[in-house]
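Open your viewer and get ready to make a few selections. We will go from one stop to the next, and at each stop you will hear what to pick and what to look for.

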Amino acid sequence: MKALVYHGPGQKAWEEIADPHVKEPTDAVVQVDTTTICGSDLHILKGDVPEVVDGLVLGHEAVGTIVELGTAVRNHKIGDRVVVSCMTFEGTCEYCRKGLTSKCQAVGGDSWQLGHWINGTQAEYVHTPLADLSLFKLPEGVSDAAAVMTSDIMSTGYEIGVVNGKVFPASSVVVIGAGPVGLCAMLTASLHGPAKVVAVDMDPNRLEVAQASFGATHGVNSADPDWKDQVKGIVGKDGADVVIEAVGIPVTLEAAWDLIKPGGYVANVGVHGKPVNLPIERLWTSNIVITTGLVNMVTGPMMLDLLAANKLNVDALATHNFKLDQFVDAYEVFGAAAKNQALKMILTR
Ligand code: NAD
Ligand code: ZN
């Protein structure tokens, strides 16, 4: 088969590798019908994720068809159309039983396996361990392009942004970062009925998209020197009930310390590579809660149900379409996302 193979920082190729087959009775092999590229894949290509080795197939998001199945898999059968979860987990360890499936002990405590520790989804076929819980059945009436958003980003925005941030009816919510993950946080916040959702980004196109299609009530450009005052002009001088950070750099998380209302929740979603300044001497009296997290994907099937019921619409995320053999072009477009007004690349077989 053909796959997008990582060959060290800055190096990748769409090339021939051996076909995957079931190894353990709990595995499946899925024919990839639709896949996409995540910001994390760009981090890997920059060399920011050194545990990814030369020769690994990238990608952790896909929709496909089961073509091989281990004898112990009970929830699926050959020919089923499924979503591949970005997290691979078994479901019975101490962490899984608490819903912290991202720490599943059956995979050594790091459930981000695909495209990280084992060959991923940017390929014609993908080998998926622990298939019972790590593949979600695709409901009728959900397009592949919508379903692939449930592999990772919808649940990331919801579980780590909206749920951790305790968005309530009438809450004021500030989402810093209007990339695919931040947009999913804005969209799924709507499930909890917030009064105000303020999108913050430096990309005017993303601010527009946030308001047109993802439920943001306001957009604020953080390139404006007075942007924090603009946010307070919208949510009130004491700040917002919830601030969701969906960028992953110090300045955007540190901004939350100025924007959070006493008693509020700061939910960090961004992946950080540098330490962040926490002015605890000023914050300790403000009764705020700061949450962190890696997505657990326990809400993946729920997101699919919501798409099937037309309660959420993610169509505006799919900005560019390619065939699998155009992967290198797709990376180029995605790598210059602002210039190309790109959100998610949709690659189909
Ligand atoms: P992205 O790079 O597409 O989006 C980030 C957005 O932040 C961009 O629109 C960019 O213009 C904006 N931005 C950059 N600097 C800014 C600033 N100073 N002020 C305001 N906006 C700024 O990324 P994404 O795919 O949407 O992912 C968002 C973050 O979530 C990343 O850090 C990603 O690694 C992380 N992530 C976390 C998890 C998890 O489980 N916690 C899972 C997936 C992704
Ligand atoms: Zn991802």
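Place a marker at the C-alpha centre of domain 1 and another at that of domain 2: the two lie 27 Å apart. This is a predicted model. To colour the two parts, select 2–152 together with 296–348 for domain 1, and 154–291 for domain 2. Where they meet, 18 residues of domain 1 are in contact with 15 residues of domain 2. The side of domain 1 that touches domain 2 is made up of nine nonpolar, six polar and three charged residues.

**Stop 1: the six-stranded sheet**

Next, show the strands numbered 8 to 13. In what order do the six strands of this open sheet run? Reading across, the order is 10-9-8-11-12-13, and the pairing is parallel. Strand 10 (218–221) and strand 13 (289–291) stand at the edges with a single partner strand each, so one side of each has no neighbour in the sheet. From one strand to the next, the twist averages 20°.

Now zoom in on strand 11 (residues 240–245) and strand 12 (residues 260–268), a parallel pair joined over five bridges. Click on glutamate 245, and then on asparagine 268, its bridge partner in strand 12.

**Stop 2: helices across the sheet**

Keep the sheet on screen and add helix 6 (residues 180–189). This helix lies across strand 8 (172–176), strand 9 (196–201) and strand 11, and its angle to strand 8 is about 165°. Then add helix 8 (residues 227–235), which lies across strands 8, 9, 10 and 11 and runs at about 170° to strand 9.

**Stop 3: an enclosed helix**

Select helix 5 (153–163). How many of the eleven residues of helix 5 are buried? Ten of them are, so the helix is largely enclosed by the rest of the structure. Among the buried residues are Ile153, Met154, Tyr158, Glu159 and Val162. To see part of what covers them, show helix 6, strand 11, strand 12 and helix 11 (300–308).

**Stop 4: around ligand 1**

Select ligand 1 and the 29 residues that surround it. The closest of these are Gly39, Gly179, Val181, Gly248 and Val271. Which elements each supply at least two residues of this shell? They are helix 1 (39–46), helix 5, helix 6, strand 9 and helix 9 (250–259). Helix 6, which you met lying across the sheet, gives the largest share of the shell, three residues.

Try colouring the shell by residue class: you should find 14 nonpolar, eleven polar and four charged residues. Then go back to the domain colours, and you will see that domain 1 and domain 2 each contribute at least three residues to the shell around ligand 1.

**Stop 5: antiparallel strands**

Move on to strand 3 (residues 28–35) and strand 4 (residues 62–69), which pair in the antiparallel sense over seven bridges. Pick threonine 35 and you can find its bridge partner, alanine 62, in strand 4. Strand 4 also pairs with strand 5 (residues 81–84), again in the antiparallel sense, over four bridges. Here glycine 64 has valine 82 of strand 5 as its bridge partner.

**Stop 6: two residues with positive phi**

Select leucine 130, in the loop between strand 6 (125–128) and helix 3 (131–134). Leucine 130 is not a glycine, yet its phi is positive, at about 50°. Is leucine 130 buried or exposed? Leucine 130 is buried, because 24 other C-beta atoms lie within 10 Å.

Now jump to alanine 170, in the loop between helix 5 and strand 8. Alanine 170 also has a positive phi, about 75°, although it is not a glycine. With 11 C-beta neighbours inside 10 Å, alanine 170 counts as exposed.

**Last stop: tyrosine 331**

Finish in helix 12 (residues 327–335), where you will find tyrosine 331. Tyrosine 331 counts as buried because it has 21 C-beta neighbours inside 10 Å. For a last exercise, draw a distance from its C-alpha atom to that of leucine 135: the two residues are 196 apart along the chain, and the separation is 25 Å.

Notes. Residues are numbered from 1 along each chain as its sequence is written. Chains are lettered from A and ligands numbered from 1 in the order in which they are written. This is a predicted model: local features need pLDDT of at least 70, side-chain atom pairs count only at pLDDT 80 or more; totals for chains, interfaces and linings use all residues. Two strands pair if DSSP finds at least two bridges between them. Axes are lines fitted to C-alpha atoms, for helices over the stretch in contact, and angles run from 0 to 180 degrees between N-to-C directions. Two residues are in contact if their C-beta atoms, placed from the backbone, lie within 7 Å. A residue is near a molecule or strand if its C-beta atom, placed from the backbone, lies within 6 Å of it. Ala, Val, Leu, Ile, Met, Phe, Trp, Tyr, Cys and Pro count as nonpolar, Asp, Glu, Lys and Arg as charged, and the others, Gly among them, as polar. Domain bounds come from an automatic or database domain assignment. A residue is buried if 20 or more other C-beta atoms lie within 10 Å of its own, exposed if 12 or fewer, and partly exposed in between; C-beta atoms are placed from the backbone.
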